[in-house]
Amino acid sequence: MDELSERKEPFFFLVNFLMNDVRIFTHNDIENKALLIDFHNVRNVNYQHKAIPDFEWKSFPQTLENYKKGFGLVKENLRKGNSYLTNYTTTTEIQTNLSLEDIFRFSKAKYKVLVPDEFVFFSPETFVEIVDNKIFTHPMKGTIDAEIEDAEKILKNDPKEKAEHYTVVDLLRNDLSMVADSVQVKEFQRIDYIKTKQKNLLAMSSEIEGEIKPEFKNKIGTILQKLLPAGSILGAPKPKTLEIILAAEQFDRGFYTGIAGFFDGKNLDSCVMIRFIEKENDKLFFKSGGGITHQSDLVSEYEEMKNKIYVPIY
């Protein structure tokens, strides 16, 4: 990545959660559709105006009792002070008459990628952007059912959601400071509306920016290596929280909660690979979860995990 960015050569990339699988796609790969991409600054798919199909959608989340096992381990580590925010996720089998490509083509999201016969994601969450040697990140933490009365007010003032959001903003501000100077929070607790066929949600985001330090200019790979895994889908402190996640979660995240991005020869746009559906042995699995803090309660977190099992097709 450093070599390509120093040569100002465009490329697309995927980095998995544990950073041990990195895939680079050149201009030719993108043109030849080795994967399908729909970002605001790169797209290699032509949409035909087809009616959105009536589709079946069933999900089979793990039981509350089963979810409680990993949740309990996370809470025990929080109680001991080993972490103060842990992003705990699970995998849920889904059944639908939509193919992965259908989901890619018909879903509406800021960032969409299809890796044929492997996975699709439709993410609303930016990781980092680099524009004219400025770096920006947009941590998204905190969601609520949009139909609840006074949902925005409740979300902004809920003690647990506030603690989670403050923690991630502070973590990412510190992360950016490793590669940037003059880091500051530019927008705090912005509320975004996410529309889906299953349930409409409100999500809370903030924006942090800084000036890339001279030694990191044109070094996309080195910058990402410093910043990953993304704090919003890991927690804090990072090293110990990663240990907790690996012990608590009973599946391999793979590319879920990793990073996808496009460098256009000058600027970078990247996202966190959430809202993620993976194909395994001809079955489909949706991966979802949320941040756990001292104030989290079992039932609320279990419901949040289930709320995120949706496709933005409407």
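Lys and Arg are counted here as positive and Asp and Glu as negative, with His and the chain ends not counted; the place of a charge is taken as NZ of Lys, CZ of Arg, CG of Asp or CD of Glu.

**Figure 1. Overview of the protein chain, with its 42 positive and 49 negative side chains.** The centres of the two sets of charges lie 1 Å apart. This is a predicted model, in which local features need pLDDT of at least 70 and side-chain atom pairs count only at pLDDT 80 or more, whereas totals for chains, interfaces and linings use all residues. Residues are numbered from 1 along each chain as its sequence is written, and side-chain values use heavy atoms, with hydrogens and water left out. The protein chain contains 9 helices and 18 strands (DSSP runs, numbered from the N terminus: helices are H or I of at least four residues, strands are E of at least two). Of its 314 residues, 55% are buried (under 20% relative accessible area; exposed means over 50% and partly exposed in between, with a 1.4 Å probe and protein chains only).

**Figure 2. Close-up of Phe 104 in helix H4 (residues 100-106).** Phe 104 has a relative accessible area of 0% and is therefore buried. Beyond its neighbours within four places in sequence, Phe 104 is in contact with residues including Leu 36, Ile 37, Val 45, Tyr 47, Leu 114 and Val 120 (contact means heavy atoms within 4.5 Å). Val 311 is 207 residues from Phe 104 in sequence, yet their C-alpha atoms are 9.6 Å apart.

**Figure 3. Close-up of Asn 267 and Asp 132.** Asn 267 occupies the loop between strand E15 (259-263) and strand E16 (268-272). Because its relative accessibility is 18%, Asn 267 counts as buried. A polar atom of the Asn 267 side chain lies 3.1 Å from the backbone nitrogen of Asp 132. Not counting residues up to four places away in sequence, Asn 267 touches Ile 130, Val 131, Asp 132 and Phe 262. Asp 132 belongs to the loop between strand E9 (126-131) and strand E10 (134-137), and has a positive phi of about 50° although it is not a glycine.

**Figure 4. Close-up of the cis peptide bonds preceding Pro 229 and Pro 237.** The bond from Leu 228 to Pro 229 has omega near -5°, and Pro 229 is placed in the loop between helix H7 (220-227) and strand E14 (235-236). For the bond joining Ala 236 and Pro 237, omega is about -10°. Pro 237 lies in the loop between E14 and helix H8 (238-248).

**Figure 5. Close-up of Ser 182 in strand E12 (residues 180-194).** Ser 182, a residue other than glycine, has a positive phi near 55°. With a relative accessible area of 56%, Ser 182 is exposed.

Methods
Polar contact = N/O pair within 3.5 Å; in protein donor to acceptor, adjacent residues only side chain to side chain.
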